[in-house]
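Hi everyone, thanks for making time this morning. I'd like to walk you through a structure, so please have the viewer open and follow along.

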Amino acid sequence: MQYQFDWSVLWRGQSRDWLLQGLLTTLEISALAWLLALALGVLSGALRTVPLRPLRALAIFYVEFFRNVPLLVWMFFWYFGVPPLLPRPVQEWLFNHGAEFWAGMLALGVYHGARFSEVIRAGIQSIPKTQFEAAASTGLTVAQAYRLIIIPIALRLIVPPLTNESLNLLKNSSIALTISVAELTFQTRQIETYTAKAIEALTAGTLIYLILCLGIAAAMARVERRFAIPGLIARPTRAEH
Amino acid sequence: MKRSLSALLALAVMLASVAPAAAETTLEKIARTGTLTIGTRTGSPPFAYVNKQNEWVGFSIDLVDQLVLSAVSTKVGKPVKLEKKESTPATRIPLLSSGAVDLIAGTMTDTRPRRDSADFSLTFFVTGAQFMVKKGSPIRGIQDIAGKRVGAQQGSTNARIIRERVPSAQLREFPDQPSAFQALAQGQVDTYTNDGIQLAGLRTKAPNPGEWDIVGDFYSYEPYGMAMRKGDSDFRAAVNNGLMEGIDSGKFFEIYEKWFGPRGELPYPMTPDIKKFMIYQSVPK
């Protein structure tokens with residue numbers, strides 16, 4: 001017996017709407033979580049390099065607490081753990097206004113923020129102190145030294161692992177389906193259960209994630225090239241058309 | 001070398017998943033291996049689950065073991081043993097089409113879209129969707145759920161019907177029973193809908209069964225069937241013959257009684273209508 005492929009289930013009837021809606025939700029939740037993660041990562045990454053002990057301790061606590069618990073647990077924590085602590089009217093309001101989306105977004109953002117933080121700390125700490133002293137000795141102000149010297153050098157080291165983490169964040173958004181966020185994986189499974197066309201639905205999901213991730217990687221590669229030390233990162237010798 | 005090996009492996013996997021034993025029918029496969037492999041559940045009591053003695057048992061498994069297996073043995077002309085593999089809603093069709101299992105015997109509703117991908121046996125259990133609510137809830141059925149937050153199992157036929165019939169209901173779909181029930185218990189959703197039999201099972205296992213009501217008439221029809229690879233009518237005839245023999249001899253109703261009778265795992269008496277329907281499914285000899 002041979003499996004009968006029927007690719008049209010992907011754009012027939014409800015499936016197309018589901019795929020589009022799932023794609024949109026995945027992009028929304030990932031983009032918001034990414035911004036949150038970046039903000040938390042920059043803040044705590046920077047705090048870990050300052051000389052004040054309590055601030056460092058705070059940042060270390062955040063990083064160790066959040067990166068060492070599975071993301072799935074955080075999803076449940078924000079969705080099932082936090083609401084009962086809130087007053088009843090607030091709960092009601094949240095449940096009527098997409099509590100699952102916000103819980104998923106917070107879980108993703110806070111979890112990946114802790115991971116971003118380490119990447120950013122590694123980037124900043126890899127710059128020798130002498131680099132800053134050299135910048136100051138040429139007459140640059142602190143702000144100028146950071147903007148023109150330190151950050152560009154740090155970014156070279158931060159961007160590649162940050163790309164990795166960003167891709168992970170996007171892929172991990174699929175875990176939000178466990179708290180009923182209707183994102184891309186949720187919707188491909190929906191198509192699979194309604195049409196029993198597993199291979200088609202899984203292929204569609206795979207391809208969409210692949211395209212999204214390759215898109216992000218390409219965008220990050222542009223950022224990387226922008227800050228590249230001339231000659232150190234191979235550039236394409238001619239424009240590819 | 002490594003590269004060509006992995007390419008070969010990938011090709012093998014693809015072929016295995018797309019065109020398994022293209023020349024062999026299921027009955028031929030069973031005759032060759034002497035084994036009928038079923039895909040079933042480990043956590044869907046009383047249909048198929050692992051009990052306290054760590055045995056893999058249930059109504060669906062008994063039906064195969066006591067009714068279908070002998071019919072298949074007769075057909076292939078030698079004794080056949082039963083092998084069980086775990087299959088979930090997400091994996092059951094791939095397992096079937098890859099040839100890893102020959103028959104899905106769990107809690108799968110027979111639907112027309114699914115019949116495009118698989119063949120179904122006779123209906124062996126009939127239920128329909130209802131609602132589970134906290135005692136004292138104003139929700140008494142599908143007529144009361146407009147604007148309410150309704151939890152459902154992801155990808156269930158119930159969810160689709162709610163979406164079609166009451167678009168204003170706020171549907172929240174959960175991948176598994178425990179998280180959906182948790183959401184109901186905490187108030188994230190106002191009610192949880194699923195097949196009546198599943199809700200009955202859920203309530204029995206709940207910490208305080210008395211806190212929960214199962215309400216509403218069946219708003220959907222959920223006939224459970226056993227699924228098999230499409231276009232293999234000889235095998236399907238053997239499976240159906242086994243079930244029909246069981247209905248004719250009364251063995252089927254004994255097995256039902258064992259699991260759903262008053263002293264069964266989950267009391268869920270068969271209504272006279274459904275008993276009649278089961279009997280009518282058996283065609284004359």
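**A glutamate to start with**

Let's begin with A:Glu100, which counts as buried at 8% relative accessibility. Keep in mind as we go that this is a predicted model. If you want to find A:Glu100 on screen, look in helix 5 of chain A, which covers residues 99-125. What does A:Glu100 touch, once we skip residues up to four places away in sequence? The answer is A:Tyr79, A:Ile179, A:Ser180, A:Val181 and, over in the other chain, B:Arg172.

One of those contacts, A:Ser180, deserves a stop of its own. A:Ser180 belongs to the loop that runs between helix 7 (142-172) and helix 8 (184-195) of chain A. Its phi is near 70 degrees, and that is a positive value in a residue other than glycine. Is A:Ser180 buried or exposed? With a relative accessible area of 7%, A:Ser180 is buried.

Now, over to chain B for the overall picture. Its secondary structure consists of eleven helices and 13 strands. The radius of gyration is 21 Å, close to the 19 Å that the globule rule gives for 285 residues, so chain B is as compact as a globular protein of that length. If you are thinking about a bounding box, the C-alpha atoms of chain B fill one of roughly 60 × 55 × 40 Å along the principal axes.

How much of chain B is buried? Buried residues account for 54% of its 285 residues. The accessible surface of chain B is about 13000 Å², and carbon and sulfur atoms hold 55% of that. Contacts reach across the sequence, too: of those between residues at least 6 apart in chain B, 71% join residues at least 24 apart. For the electrostatics fans, chain B has 35 positive and 29 negative charges, and the mean positions of the two sets are 3 Å apart.

Next, the strands. A quick reminder: strands of a sheet pair through backbone hydrogen bonds, either parallel or antiparallel. In chain B, strand 7 (residues 118-127) and strand 13 run antiparallel and are joined by seven bridges. One pair to look for is B:Asp119 with its bridge partner B:Met228 in strand 13. Why do we say that strand 13 is largely enclosed by the rest of the structure? Strand 13 spans residues 222-229 of chain B, and eight of its eight residues are buried, so the description fits.

There is also an open sheet of three strands in chain B, with the order 2-3-4 and antiparallel pairing. Strand 2 and strand 4 are at the edges with a single partner strand each, so one side of each has no neighbour in the sheet. Strand 3 and strand 4 pair over two bridges in the antiparallel sense, and B:Val50 has B:Trp56 in strand 4 as its bridge partner.

The loops of this sheet have some backbone details worth checking. Between strand 2 (43-44) and strand 3 (48-50) we find B:Pro46. A cis peptide bond joins B:Pro45 and B:Pro46, with omega at about 0 degrees. Further along, B:Asn54 lies in the loop between strand 3 and strand 4 (56-57) of chain B. B:Asn54 is a residue other than glycine with a positive phi, near 65 degrees. Where A:Ser180 is buried, B:Asn54 is exposed, with a relative accessible area of 63%.

That's my tour, and I'm happy to go back to any part of it.

Key: Residues numbered from 1 in each chain as written. Chains lettered and ligands numbered in written order. Predicted model: local features only at pLDDT ≥ 70, side-chain atom pairs only at ≥ 80, totals over all residues. Heavy atoms only, no water. Helix = DSSP H or I, 4+ residues; strand = E, 2+ residues; numbered from the N terminus. Rg over C-alpha atoms; globule rule 2.2 N^0.38 Å. Buried < 20%, exposed > 50% of the residue type's maximum accessible area, 1.4 Å probe, protein only. Contact = heavy atoms within 4.5 Å. Areas by Shrake-Rupley, 256 points an atom, 1.4 Å probe, with all protein chains shown as cover. Lys, Arg positive; Asp, Glu negative; His and termini not counted. Charge placed at Lys NZ, Arg CZ, Asp CG, Glu CD. Pairing = 2+ DSSP bridges.
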